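Me: Hi! I'm new to this one, could you walk me through it?

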Amino acid sequence: MQRDTQIFDLIQLELERQQHGIELIASENFVSPQVMEAMGSVLTNKYAEGLPGKRYYGGCEVVDQVEQLAIDRLKQLFGCAWANVQPHSGAQANAAVMLGVLKPGDKILGFDLSHGGHLTHGSAVNFSGKLYTPSFYGVSKETGLIDWENVADIARKEQPKLIICGASSYSRDWNYVRLREIADEVGALLLADISHPSGLIAKGFLNNPIPHCHIVTSTTHKTLRGPRGGVIMMGSDFPNPWGLTTPKGEIKMMSAILDGAVFPGTQGGPLEHVIAAKAVAFGEALTPEFADYCKQVMSNAQALAAAMVSKGYSVISGGTENHMMLIDLRTKSDTLTGKIAEDTLVKCHITINKNAVPFETRSPFVTSGIRLGTPAITTRGLKAEHMPLVAELIDTALTHHQDPTVLDQVKTRVMELMKGFPLYA
Ligand SMILES: Cc1ncc(COP(=O)(O)O)c(C=O)c1O
């Protein structure tokens, strides 16, 4: 480490930042030392293009076992028939699915980015909006909820080839049964991107898309608490609906099409060190302790939402059923923007992200909202009883965002609080 003090000093600084702070970014978490150990292992040296047992390189007999373990554990965790653990990220997983099931220009229907969807669900600045023809559904202005019949109306009008459900900032559960009916009615495939709530789904705390959606993608680093990465799953394999055949003339199964869409379609060699870390995280997620963790994540989110409401903030859709919430700052103040809130809270070692709210009037660089999530602070050990204090610290900082003395006091209180919840001690 002393050979490159520049980078290792920075790693030390980042460790200290993580230790000091209240981490409320909904998409972040703290992995176990075992997950990090696997990621930092000799497996990083190995090229292994292909799949276990079918590689384009020699010397893969060990990484074959690593990758097969990751696949088997993921299948057990979600009760799915098929999985690919190679996507380097959530965006890569979605890119592979779209390459596999769509032709350039095909119509897709996704949840509007500005209402809580993800860039890879059809945004104009992303490959998904550039290569395909997107349309969107959103939330109702009155309730902040997705109206499934509105989704059905848009699907009937647009006739998409692929319907995408799942979100980056939607605090409610999804009606996969109704979405599958809609997809069947218009002849679309249904993709659920469960990147955010996948841990909670795996442990049975939210509706399960696996039996209803043709394909499911996820990141592995949010509520699933693994290394940064992605996965693709199918509850059951099925023959491709386009009549594509193998060189032997047999109908190709979707699993083969999706495997091919990952490699060679969108990626080169798999990151076997990250796949090993995924296997470690899936092993952790299979334990009963992980169910306790997920339950705590959800009760912490509900307690934080209630505490924020009691301080005069408005939670979009009125509450949360998962690990996160979207807060509309406009009910608190006309001048407090998401950007001011993010910048202010960072000064106090409270990390959040500014977020557009549905029907946003400000630019994406400013926004009127913030997104708060509890996966990371729950890993630190905070419980529902600590959430009123967290809300009070946030509120004090935001109310006095122009007063450096108050911000300093909040920072000291944050550091004091987090000293009681050691991280990588
Ligand atoms: C719903 C959803 N899908 C995909 C992604 C992309 O994941 P990654 O950042 O690993 O590419 C995210 C990340 O925030 C997400 O929230």
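Reply: Happy to, we'll go through the domains, a helix pair and the ligand. This is a predicted model, where local features need pLDDT of at least 70, side-chain atom pairs count only at pLDDT 80 or more, and totals for chains, interfaces and linings use all residues. Residues are numbered from 1 along each chain as its sequence is written.

Me: Cool. How is the protein divided?

Reply: Into domain 1 (33–285) and domain 2 (288–419), with bounds from an automatic or database domain assignment. Their centres, taken over C-alpha atoms, are 29 Å apart.

Me: And how many residues make the contact?

Reply: Domain 1 gives 25 residues and domain 2 gives 24, where contact puts C-beta atoms, placed from the backbone, within 7 Å. On the domain 1 side, α8 (198–202) and α10 each supply at least two residues.

Me: What's a helix here?

Reply: A DSSP run of H or I, at least four residues, numbered from the N terminus.

Me: At what angle do α3 and α10 pack?

Reply: Helix α3 (residues 61–78) and helix α10 (residues 272–285) pack at about 35°, with axes 8 Å apart. Axes are lines fitted to C-alpha atoms over the stretch in contact, and angles run from 0 to 180 degrees between N-to-C directions.

Me: Switching topic, which residues come nearest the ligand?

Reply: S89, G90, A91, S168 and S195, of the 14 around the ligand. Being near means a C-beta atom, placed from the backbone, within 6 Å.

Note on methods: Contact = placed C-beta atoms within 7 Å.
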